Structures are given as structure tokens and as C-alpha cells.
2 protein chains.
Amino acid sequence: MLVVKKFGGSSVANKERIFNVARRCIEDYRAGYDVVVVLSAMGDATDELLALAGTINPKAKKRELDMLLTTGEQVSVSLMAMAMQSLDVPAVSLNAFQVRMHSTSRYGNARFKRVETERILHELDSRKIVIVTGFQGVNKYDDVTTLGRGGSDTTAVALAAALHADRCEIYTDVDGVYTADPRVVRNARKIDTITYDEMLELASLGAKVLHNRSVEMAKKYNVELVVRSSLNRSEGTVVKEAKRMEKLLVTGVAADKNTARISVIGVVDKPGIAFRIFDTLAKNNINVDIILQSVGREGTKDISFTVASDDLGEAIRILEENKERLTIQEVTWNEDVAKLSVVGAGMMSNPGVAAKMFESLYNSRININMISTSEIRITVLVPKNEIDKAMNAVHDGFAMSD
Amino acid sequence: MLVVKKFGGSSVANKERIFNVARRCIEDYRAGYDVVVVLSAMGDATDELLALAGTINPKAKKRELDMLLTTGEQVSVSLMAMAMQSLDVPAVSLNAFQVRMHSTSRYGNARFKRVETERILHELDSRKIVIVTGFQGVNKYDDVTTLGRGGSDTTAVALAAALHADRCEIYTDVDGVYTADPRVVRNARKIDTITYDEMLELASLGAKVLHNRSVEMAKKYNVELVVRSSLNRSEGTVVKEAKRMEKLLVTGVAADKNTARISVIGVVDKPGIAFRIFDTLAKNNINVDIILQSVGREGTKDISFTVASDDLGEAIRILEENKERLTIQEVTWNEDVAKLSVVGAGMMSNPGVAAKMFESLYNSRININMISTSEIRITVLVPKNEIDKAMNAVHDGFAMSD
């Protein structure tokens, strides 16, 4: 049995926590497992290195930033090996050069192309715990790359896939994935099992437990993920393909306050206009989310859509600049909105979910602004100051705490 | 023209100093040189990493210590590349994996076996300044090694040799090599040119300007070394083979207070006894320096020798423990001694140097305790409290300030 265990920066932020992680890994080792550990940089180390680089060159090239940042994980893996050795367990730390974690060339946001297993298997064969630097790869020029924030999750999944691990455990500071944010919804319940697709929808909706790319990779290579806490012994949430598992109607509720609605009013009703509007925004790196089109007055139409709050000002500026070309009569917007989503693989075969959601919101007198759906998700736009109430209403409506 | 420039930790200890080094390197670059820069870790970074390791595991394995320590140079080279880039000069940082600095396997004290030049030459060809991590190598297991303290000098010389550099400049916080310690001898003069052998004798005698191993390597591969200050524009001292150069009778004077004399009295005068005494000390890792043997009473002999002050207690303990086996009647010692040496390649063909040295000391009423000589060095043991006076007397006696 082979297990890959990934611990984030806060789990190795100081001596005490390093030993806590070491002991948890040693338990599995002593139980006979082959153990591969993936670590992030200690605590705020990455931010501190970024700040240091900022003092030298605020526009530092990403190649050199990656060279700098990757020292952070090398520090944590070597210290972890020392900690395990002091507990009389053989351990060895490896960086991306040593494992040969081949990545694409793109500094700061690389993706894995191929991960070699020879060195790790050799070390496991001599019954060592193998500790690997997360977040980093080596590109075809033999240069160090980083995978972007949260990339250590992806490192763990990539290694689990390449090594055909029985399990990939992602340790975090929460017990697992919840039916809703427990800080908002008192009855929120930890989910025991969730599908990759549900996890992806929840992750992209703001449940920041797992890095999205790592879930995609786990799905692609069918790696069983476990999200659990490094602070307690709770079982956590298993993320895996749901073949025979009972598909819950609704698995979880997620909220996202980082959103704003824009409406373009009185656009000429002819083919290609909507494309030109969204193409203009996309070329300026503005991601558009929910889109709603309605008939306006006198052969025109109105189009509404949401963008991230941060992009609102820029989006309005671009639309105003291109008003004539895009045949826009007026641009209006609303910042006081939030997205509320319900996610569940069971939705696919149960058409009543949307109605149930609307009913729950209606009963709480919450107005629905816009609606968007995917196969396993329904998202509505509600007033920002009512999002917590809305979340609880929907959570209760689907009786998710049972 | 290709120049290798090495800067120590204090030269890159903060932003201001990093930019100071960057500008000096850029001067040579703009003058048309190919420039390779070797850097140590910033300021006290290495000591801080060692202290961190100490809190986790005071007996950390050297393999993991090397993995930890080598992050220090990777931080300084990436920051230096960023600094140069912010001054609009193309620069690239490389670690030991990227250059392929092949070393022996011994962690913490590795030696270079072979240094590849392909990557560096490729970067130089595209007119980049190449910044390489000092102090580190990669062994046959693909693991990181360090060369031991002062190893960055060796990295610079190894690269200069492999790249057939025209010059290897070692930047330090002094102007060059002096005829004596300028803090003690007021008339001490900076030496313009010195041979490898003289530099080796001076280095081993406590003139801590250059790492001994780097001078040995420079001699072996005939690399012209320049020792100069990173703080000013002084020309520095050139270390090279002295073929046609006028050989000075005496090049420099060096003192070493870290010494103590031990005498073993009344040893049986038969073959092999001296060997057994020094063999016993060597097996306990005690280095013995000057040795003097004299005839004792009634078929016995007395043997005196010096050890480093730190080793005195341990040496005495070992000798007392083995007193019977080594036929020692009594062990005496004296901590209040210091070594004074004069070094000069011209000595070889000038037999009067020793006499001249003794005369200078006699004129200053300084008692000589023991004497030892090599081809280009004469060392005497004098009372510790008279070492500064002795140094000045000898320096003046040979008129080294002229």
C-alpha cells in the first residue's frame, strides 16, 4: 500500500507542527505503508520571499522569481527529513530536480508534463519515507518552475497518479468538505464522500479546500483523494468517482460575494453583437460568468452578466469606450449582489431541484436576480446582504444537515 | 575575455550591497567581458539555517543539512539576477544542478570532480551575465553537496579553470594580501603579486583571505587569482605562478595565537616510539604541528610539539591515558605561546633568512621557543604576549614595508 500525504504551509510553520506532521506520517510508515510526503513552504515563507524580491526588483522576471520561491519548499522538506530522522525513522528529502518532475516552460504557472518515479521508488524500496517539494517542476531548459498558488496539491496528485498510490491525502486546517460554510450555516455537515465533478463545482464556487487543477488531475487519473485535518483525527472527505454510490440530490451549498452584475441596455438585435461584446471583454482578460439576455424596447435587447468585483471598474471602462461599436445605449451595474449555488450529482436525473431551491428562497422572501445552471449545479444571484440568510434557507430546504 | 568574479556573503548581505555588486559586474560586462559571478549566501543566512536545523535535530544528517544550506546561495543568485535585470542587463541565475557541478559524495565536505561548461557557455553566448551558486555541488546520486566553509572560492576557481577564464577575482572586505596583519603591524604593505605556494603558506598560517583548497586548485590549473576589495577600487593582489617575477626574499609575516606547546618527557629512546605517540594523537583527530625532539636523561628523549589551543585538553587526556604504553614519564604543556612565520619563495636560494629572522627577534629581546622550517617558510614559537612586538620586529628587520 502506498499513500501520498500533502501538508500545506501552516502545517509546517514551526518546529512543533513539523514534528506533528512527522509523527502522523510515521504512524502510517510503521503500519507498513510506503509513505510519500509533499510539503509546501513553511508558514509565510513564500510571501516573505516575494516581498524580498519586491524590494530588489518589483518587476522581477518570473524565471528568477521561481528560482527564488522554490527554496521555500526545499527548506521545509529538509527540515522534515531531519525531524523524522530524530525520531529514528529513515527519511530522505527530494526536490523537483531529483524526482524529475517535468513541467511545461511557463514560469509561475507551469503544468506537469511527466513525473518520473525511479528515484522515489528506489528510496521507498529501502524503506525510507520520501519527502518531496511541492509546488515546483523542472522545464525542458532545466530551469525551475512553479505551478502557481495551491500547486502543492497538484504535486501530490501527480505523484499519486504516477506512483499508482492507493490514496492521496490532502491535509488542511478544516475537517473536510462541508455541505456549506460552517461559519455561516450552523447546521452545515461534513460530507463523507463527494464526486470529482461536485468537488470541482464547489471549488470553483469558493469552497477553497482543494486546488481546482488538482481535482481535475485526480479525476483524469482516477486518484482517490482524501481531504482531512492535520489538527485532529477526523476521517475527512473522500473525493472519488461515484459509480455505485448513492447520488445525493444536493451535496453542498456555496456562496461567492466577489461578484458584480453589469447590464448593457438597448443593444441592436442582430447576430454577432453578443459575441463582439464578450470577445472585447475576454481580450482584456475579464472573465464573464452568468449571462442573461432579454428582449428590450424597439428591436433592441438587454444583456446582463456577472464579473468578479475586482474587474467591475475595468469592465465598465472597456464597455463605455466601445459603446458605439457595440451598439450599447446604456451601461448599468450593481455591486450589491452575491452568487448562491447548490451542487449535486443527483440533480442530473431529478428535475425538481431548481424549483425546490426557488421555493426555499421565496419562503425566506429573498429576491432572485439572475439564474444559471449546469448539469450538476444551479446558481442564482441574490442581494449581497441576504446571502447568509439565503444560504441557510437553501441548506435547510434540502435538509442537508440530516 | 572571460572573468569569474566571486563575492562573499557580506558583499550581498542587503539590497544596497547586492546592487553595488551588480554594478561592478555590469561595468566589466559593458566593457565587453563575458562575466560569470559566483555568490555565497546572504550575510548570516547559512548560520541562520544551521541554527534552524539545530532546533529540529541537533544531530541532523549531513545530506539533509546540505539540502537545507544550499537554499541560501539559490536565494542570493536569484536576487542578483533580478537586480541586474532591473538595471537593464540580461542575467540568469544557475544552481549546481543546472550547471552540473559534479562533486564527490561526501556531504558537508565534498570536492569537485568535474564541472560542465555547456549551459554557462550557452548563456554567455546570448550575452547574459551568468550568476552561479557557490559552495555547492551535485554528487553521483543526484544529491546536493556542500564544499565546506569558504567553498565558494573553490567554486569560482573550478569554474575559472573549466571555462579557461582569463582571471578569477575573489572579492573580500580587505584590499588584498598584506605583508602582515595591518591591525598589528602599522607598516604592513599590500602585496601586488604573490606565488601560489606563498599564498598557501600564508593562508595556512592564519591570513584568512583565501580558502586554501581554492589556492591549491588555482595552482593546479594555473588560474590567475586576484584578491581585491568589494568596497573600493584598489587593484588588489595577484596570485600567480612566478616564472620571471623577481622573487622577494620574504613576502609576508603571519602570526597564529591559536596554538599550545606540549612536551612528553623521558620517553624510551627506541625506534617506533615517536610514531606511536603521533599515531595515537592522529587517530583521535588531533593535528600536530611543529615537532622538536631532544635528548633526555639516561637513554631517554623529550619530544615537544604544538597543537591547536582547542585540542590541548583532549591531547593531554589522551597522552595521560596512554602514558604507560607510550613510555612517557611526564607530560608538560604551555598555553602562552604563539607561532610567528615568515614566508617567501626567494628563501629557497637564500640561506641567510633564518639567521636574519633570529637576529631581529634577538634585537627585540624576544625568546625563541621552537623552530620549524619548510622550503619557503620559517616558523618560530614565541611567548604569546610578545607576538605583536615580534611581528613588527621581523617585518621591520626584512624591510617589508619598502
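**Two chains of a predicted model: questions and answers**

Student: In this predicted model, what rotation superposes chain B on chain A?

Tutor: The superposition has an RMSD of 0.1 Å, with 0.1 Å of shift along the axis. The two copies are thus related as by a two-fold rotation axis. The rotation that superposes chain B on chain A is 180°.

Student: Which residue of chain B has the C-alpha nearest the axis?

Tutor: The axis in question is that of the rotation of 180° which superposes chain B on chain A. In chain B, a C-alpha lies 2.7 Å from that axis, and this nearest one belongs to Thr71(B).

Student: Which element of chain B gives the most residues to the side that touches chain A?

Tutor: The contact involves 26 residues of chain B and 26 residues of chain A. On the side of chain B, two or more residues come from each of α1 (15-30), α2 (45-56), α3 (62-69), α4 (71-86) and α5 (96-99). With 10 residues, the element that gives the most is α4(B).

Student: How many residues on the side of chain B that touches chain A are nonpolar?

Tutor: The same surface serves both copies, as 100% of the contact residues of chain B recur in chain A. On the side of chain B, nine residues are polar and four are charged. The nonpolar residues number 13.

Student: How many residues does the largest nonpolar core have?

Tutor: The residues with the most contacts inside this core are Met80, Ile131 and Leu159 of chain A, together with Met80, Ile131 and Leu159 of chain B. Leu159(A), for one, touches Val4(A), Val36(A), Val38(A), Val115(A) and Val132(A), when residues up to four places away in sequence are not counted. The number of residues in the largest nonpolar core is 229.

Student: Which are the edge strands of the open sheet β15-β16-β14-β17 of chain B?

Tutor: This sheet has four strands with antiparallel pairing, and its twist averages 20° from one strand to the next. An edge strand pairs on one side only, and the two that do so in chain B are β15 (288-295) and β17 (330-334).

Student: Which residue of β16(B) is the bridge partner of Ser294(B)?

Tutor: β15(B) and β16(B), the latter covering residues 300-307, are antiparallel and share six bridges. Within β16(B), the partner of Ser294(B) is Asp302(B).

Student: At about what angle to β17(B) does helix α11 of chain B run?

Tutor: Helix α11(B), residues 312-321, lies across β14 (260-268), β16 and β17 of chain B. Its direction relative to β17(B) is at about 170°.

Student: Which helix of chain B packs on the sheet β13-β18-β20-β19 and touches β18, β19 and β20?

Tutor: The sheet is open and antiparallel, with four strands, and its edge strands are β13 (252-256) and β19 of chain B. The helix that touches β18 (337-343), β19 and β20 makes about 20° with the direction of β20(B). That helix, residues 353-363 of chain B, is α12.

Student: Through how many residues does the hairpin join β19(B) to β20(B)?

Tutor: Strands β19 (residues 370-374) and β20 (residues 377-383) of chain B run antiparallel and are joined by five bridges. Ser374(B) stands opposite Arg377(B) in β20(B). The hairpin between the strands passes through two residues.

Student: Is Ala188(B) buried or exposed?

Tutor: Ala188(B) lies in the loop between β9 (167-172) and β10 (193-194) of chain B. Beyond its neighbours within four places in sequence, its contacts include Tyr178(B), Pro182(B) and His395(B). A residue is buried if 20 or more other C-beta atoms lie within 10 Å of its own. Ala188(B) has 20 other C-beta atoms within 10 Å, so it is buried.

Student: What is the approximate phi of Arg365(B), which is not a glycine?

Tutor: Most residues other than glycine have a negative phi. Arg365(B), in the loop between α12 and β19 of chain B, has instead a positive phi of about 60°.

Student: Is Arg127(B) buried or exposed?

Tutor: Arg127(B) sits in the loop between α6 (118-125) and β6 (129-133) of chain B, and has a positive phi of about 55°. A residue counts as exposed if 12 or fewer other C-beta atoms lie within 10 Å of its own. Arg127(B) has 11 other C-beta atoms within 10 Å and is therefore exposed.

Notes: Residues are numbered from 1 along each chain as its sequence is written. Chains are lettered from A and ligands numbered from 1 in the order in which they are written. This is a predicted model: local features need pLDDT of at least 70, side-chain atom pairs count only at pLDDT 80 or more; totals for chains, interfaces and linings use all residues. Two strands pair if DSSP finds at least two bridges between them. Axes are lines fitted to C-alpha atoms, for helices over the stretch in contact, and angles run from 0 to 180 degrees between N-to-C directions. Two residues are in contact if their C-beta atoms, placed from the backbone, lie within 7 Å. Ala, Val, Leu, Ile, Met, Phe, Trp, Tyr, Cys and Pro count as nonpolar, Asp, Glu, Lys and Arg as charged, and the others, Gly among them, as polar. A nonpolar core is a set of buried Ala, Val, Leu, Ile, Met, Phe, Trp, Tyr and Cys residues joined through C-beta atoms within 7 Å. Copies are superposed by least squares on the C-alpha atoms of residues with pLDDT of at least 70 in both.
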